[in-house]
Amino acid sequence: MAEKRKYKKRFCKYCESKVDFMDYKEVGALRFSLSERYKIMPRRLTGNCKRHQDMISVVIKRARAAALVPYTVTRKQVITQPFENLR
């Protein structure tokens, strides 16, 4: 018999708001999909569907290539407010 979930089912917030296109220049909207060390958060934590998670990963990679979002932050670089400069 299958075990019950121990966590609440998460829903894709992009499906609820009917988002069809994401722009890499809107870095403020990307911070919900990035960790405090600027890594892409997985689907199981954000609750995004596969379509929107793929879209987010492409957008974040484009923003990194355009130097709008850093690639990663090392442990030696301590940032108190990581998303302060992303507005």
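This is a short dialogue on reading burial, backbone angles and core packing in a predicted model.

Me: Which conventions apply to the numbering and to the values in this model?
Reply: Residues are numbered from 1 along each chain as its sequence is written, and side-chain values use heavy atoms, with hydrogens and water left out. The model is predicted: local features need pLDDT of at least 70, side-chain atom pairs count only at pLDDT 80 or more, and totals for chains, interfaces and linings use all residues.

Me: Does Tyr38 count as buried or exposed, and why?
Reply: Buried means under 20% relative accessible area, exposed over 50%, and partly exposed in between (1.4 Å probe, protein chains only). Tyr38 counts as buried because its relative accessibility is 2%. By contrast, Lys18 counts as exposed, at 69%.

Me: Where do Tyr38 and Lys18 lie, and what is the phi of each?
Reply: Helices (H or I, at least four residues) and strands (E, at least two) are DSSP runs, numbered from the N terminus. Lys18 lies in the loop between α1 (13-16) and α2 (27-30), and Tyr38 in the loop between α2 and α3. Although not a glycine, Lys18 has a positive phi of about 55°; Tyr38, also not a glycine, has one of about 65°.

Me: Which residues touch the most other members of the largest nonpolar core?
Reply: A nonpolar core is a set of buried Ala, Val, Leu, Ile, Met, Phe, Trp, Tyr and Cys residues joined through side-chain atoms within 4.5 Å. Of its 15 residues here, they are Tyr14, Met22, Leu30 and Val69. Helix α4 (50-65) gives the most to this core, with 5 residues.
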